[in-house]
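Please look through the sequence and the coordinates shown here before reading on. The report is meant to be read beside them.

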Amino acid sequence: MGIFGSKFEVWIPENEKLKEKIEDPAQWDAKESFVGWKVCNDGKLLAQGMAAADGCGSFDFSFNGLGDNEAIAIAKTLTNLLKFRHAAKEPGGISGKITKLNLANNFIHAAGVKAIADALVPEDPRTTYSLEELDLQNNAAGAEGAMALGEMMKKNRVLRKLNLAWNNIGNQGIFALAKSLQPNHKSFRMDIRYNTFDVTDEEIEWDEMVKHLKQNIGKENIPVVLIGWDETTSTSSSRDEEEEEEERRKREERRTGEAETRMGRGGE
């Protein structure tokens with residue numbers, strides 16, 4: 001058989017495939033993965049796709065070369081879906097259908113992260129949004145992006161997983177995130193591995209942060225909720241040992257004082 005009679009596959013650019021999916025929303029599944037499509041210049045197309053995929057609850061846009069502009073476009077679609085198209089029919093209901101959004105391994109900086117965070121803040125405190133998992137690992141959120149996410153977490157009651165590994169959030173970033181945690185976050189999971197923290201930085205109130213965590217999520221839950229915190233430094237554990245030693249010293253002093261008092265009374 002000659003060359004023109006043989007079968008061969010024709011490569012179709014990812015953005016063309018994306019256009020085809022947008023034109024036919026019936027092609028969208030409940031879970032959609034665009035891993036590695038590299039549609040870095042088609043953020044608006046991705047956003048249009050999200051809007052068209054009415055029944056899709058999980059989007060994976062990792063490894064796509066997305067930057068702030070693309071993240072902002074996606075955030076606008078999130079806002080539209082959560083606050084308008086799929087808004088809760090009554091106060092206190094759940095708005096939206098999207099439960100998972102993966103934006104890992106892209107080039108999203110603070111501006112893009114802030115846009116995503118803002119989209120996840122309900123205007124009505126009685127309303128809850130559907131998104132449960134947000135993956136931003138290996139981007140460039142920085143301290144500013146982390147602080148925006150911290151403000152969002154104070155008002156968002158549904159999000160239960162946040163991956164911020166490899167985001168250079170720094171001391172201010174982890175402080176803001178930790179301070180945003182409330183008693184309802186005991187089952188929350190936040191991955192902060194592979195970020196750099198300097199607990200010798202005297203400008204950060206580390207003791208205040210640890211105290212807040214203990215009071216709100218419990219000492220035993222700190223390394224469970226903040227995945228990677230116990231791996232970043234031994235300072236927090238050494239402080240715990242110092243506190244325990246101080247408590248032991250005070251107890252011993254009280255016991256000694258009580259014993260001396262009893263002996264004094266016996267000698268009267």
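The sections below go from the whole chain to its core, its aromatic pairs and a few loop residues.

## Model and confidence

This is a predicted model, and the confidence of the prediction varies along the chain: the average pLDDT is 81, and 74% of the residues score at least 70. Two stretches keep a pLDDT under 50, namely residues 1-13, for which the model has two contacts beyond four places in sequence, and residues 234-239, for which there are five such contacts. Where pLDDT is low, the predicted coordinates should not be read in detail.

## Overall architecture

The chain contains 10 helices and nine strands, and of its 268 residues 44% are buried. When contacts between residues at least 6 apart in sequence are considered, 81% of them join residues at least 24 apart. The accessible surface of the chain amounts to about 14900 Å², with 49% of that area belonging to carbon and sulfur atoms.

## Nonpolar core

The largest nonpolar core has 63 residues, and the members that touch the most others are Phe61, Leu134, Leu149 and Trp229. Two or more residues of this core come from each of helix 1 (14-23), helix 2, helix 3, helix 4 (110-119), helix 5 (142-153), helix 6, helix 7 and helix 8 (222-225). Helix 3 gives the most, with six residues.

The surroundings of Phe61 can be listed in detail. Apart from neighbours within four places in sequence, phenylalanine 61 is in contact with Phe34, Leu46, Met50, Leu66, Ile74, Leu101, Asn102, Leu103 and Asn106.

## Two enclosed helices

Helix 2 (residues 43-52) is largely enclosed by the rest of the structure, because seven of its 10 residues are buried. These buried residues are Gly43, Leu45, Leu46, Ala47, Gly49, Met50 and Ala51, and two of the residues in helix 2, Leu46 and Met50, are contacts of phenylalanine 61.

Helix 6 can be described in a similar way: eight of its 11 residues are buried, so the rest of the structure largely encloses helix 6. The buried residues of helix 6 are Gly170, Asn171, Gly173, Ile174, Ala176, Leu177, Ala178 and Ser180.

## Aromatic pairs

A pair of aromatic rings is described by the distance of the centres and the angle of the planes. The structure holds five aromatic pairs, and one of them is formed by phenylalanine 59 and phenylalanine 61, which are tilted, with 5.7 Å from centre to centre and 35° between the planes. Both phenylalanine 59 and phenylalanine 61 are buried, and together with Phe34 they form one aromatic cluster.

Another of the pairs is made by tryptophan 206 and tryptophan 229, which are stacked at 6.0 Å centre to centre, with 25° between the planes. This pair links distant parts of the chain, since tryptophan 206 is in helix 7 (residues 206-216) and tryptophan 229 is in helix 9 (residues 229-232), 23 residues apart. Tryptophan 206 has a relative accessibility of 3% and therefore counts as buried, and tryptophan 229 counts as buried because its relative accessibility is 4%.

## Loop residues

Asparagine 64 is situated in the loop between strand 2 (58-60) and helix 3 (68-85). Is this loop residue buried or exposed? With a relative accessible area of 0%, asparagine 64 is buried. A polar atom of its side chain lies 3.2 Å from the backbone oxygen of phenylalanine 61.

Most residues other than glycine have a negative phi, and most peptide bonds are trans. Asparagine 168, although it is not a glycine, has a positive phi of about 50°; asparagine 168 belongs to the loop between strand 7 (161-163) and helix 6 (170-180), and its relative accessibility of 60% is the reason why asparagine 168 counts as exposed. Tyrosine 194 likewise has a positive phi, near 60°. Tyrosine 194 is placed in the loop between strand 8 (189-191) and helix 7, and with a relative accessible area of 53% tyrosine 194 is exposed.

Terms used: Residues are numbered from 1 along each chain as its sequence is written. This is a predicted model: local features need pLDDT of at least 70, side-chain atom pairs count only at pLDDT 80 or more; totals for chains, interfaces and linings use all residues. Side-chain values use heavy atoms; hydrogens and water are left out. Buried means under 20% relative accessible area, exposed over 50%, partly exposed in between (1.4 Å probe, protein chains only). Helices (H or I, at least four residues) and strands (E, at least two) are DSSP runs, numbered from the N terminus. Rings of Phe, Tyr and Trp (its six-membered ring) pair if their centres lie within 6.5 Å; planes under 30 degrees apart count as stacked, over 60 as edge-to-face and the rest as tilted. Contact means heavy atoms within 4.5 Å. Accessible areas come from the Shrake-Rupley method with a 1.4 Å probe; for residues, only the protein chains shown count as cover. A polar contact is a pair of N or O atoms within 3.5 Å; within protein, one must be able to donate a hydrogen and the other to accept it, and residues adjacent in sequence count only if both atoms are side-chain atoms. pLDDT is the predictor's confidence in each residue, from 0 to 100. A nonpolar core is a set of buried Ala, Val, Leu, Ile, Met, Phe, Trp, Tyr and Cys residues joined through side-chain atoms within 4.5 Å.
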